[in-house]
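Visitor: Please take one part of this model and go through it closely. I would like the packing first and the charged side chains afterwards.

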Amino acid sequence: MIAVKRLHQSTLTKKGKKDFTREVEVMARLRHGNLLRLLAYCSEGSERVLIYDYMSNRSLDLYIFGT
């Protein structure tokens with residue numbers, strides 16, 4: 001199973017594109033037991049998609065920031 005992170009059109013500003021590129025570069029190099037692995041990404045036209053290993057038990061931000 002995989003998890004897909006799709007960015008909104010509003011993030012396609014110059015800064016948003018730079019942030020996307022930075023996330024791809026960093027996550028592609030990281031290997032740690034507590035971090036998800038980046039499997040693939042798409043940066044074609046207006047599409048910005050990141051594909052990660054699936055993490056069960058809901059989203060991590062719920063554990064960090066609460067509900």
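**Leu50, the core and the salt bridges**

Guide: Leaving aside neighbours within four places in sequence, Leu50 is in contact with Ala3, Val4, Lys5, Phe20, Glu23, Val24, Leu38, Ala40 and Tyr41, where contact means heavy atoms within 4.5 Å. The model is a predicted one, in which local features need pLDDT of at least 70 and side-chain atom pairs count only at pLDDT 80 or more, while totals for chains, interfaces and linings use all residues. Residues are numbered from 1 along each chain as its sequence is written, and side-chain values use heavy atoms, with hydrogens and water left out.

Leu50 belongs to the largest nonpolar core, which has 6 residues in all: Phe20, Val24, Met27, Leu38, Leu50 and Tyr52. A nonpolar core is a set of buried Ala, Val, Leu, Ile, Met, Phe, Trp, Tyr and Cys residues joined through side-chain atoms within 4.5 Å. Buried means under 20% relative accessible area, exposed over 50%, and partly exposed in between, with a 1.4 Å probe and protein chains only. At least two residues of this core come from each of α1 (14-29) and β3 (47-53), and α1 gives the largest share, 3 residues. In soluble globular proteins, nonpolar side chains tend to be buried together.

As for the setting, the chain has 2 helices and 3 strands, in the order β-α-β-β-α from the N terminus. These are DSSP runs numbered from the N terminus: helices are H or I with at least four residues, strands E with at least two. Of the 67 residues, 15% count as buried. Among contacts with a separation of 6 or more, 49% join residues 24 or more positions apart. The C-alpha atoms fill a box of roughly 30 × 30 × 20 Å along the principal axes.

Now the charged side chains. The count of salt bridges is 4, a salt bridge being a side-chain nitrogen of Lys or Arg within 4 Å of a carboxyl oxygen of Asp or Glu. One of them pairs Arg6 with Glu47, with the closest N and O atoms 2.5 Å apart. This pair links distant parts of the chain, since Arg6 is in strand β1 (residues 2-6) and Glu47 in strand β3, 41 residues apart. Arg6 counts as exposed at 54% relative accessibility, whereas Glu47 is partly exposed, with a relative accessible area of 25%.

Helix α1 also carries salt bridges, including one between Lys15 and Asp19. The closest N and O atoms of Lys15 and Asp19 are 2.8 Å apart. Because these residues are 4 apart in helix α1, about one helical turn separates Lys15 from Asp19. Asp19 also forms a salt bridge with Arg22, where the closest N and O atoms are 3.1 Å apart. Arg22 and Asp19 lie 3 residues apart in helix α1, again about one turn of the helix. Lys15, Asp19 and Arg22 are thus linked in a network of salt bridges. Within this network, Lys15 is exposed at 57% relative accessibility, Asp19 is partly exposed with a relative accessible area of 28%, and Arg22 is partly exposed at 43%.
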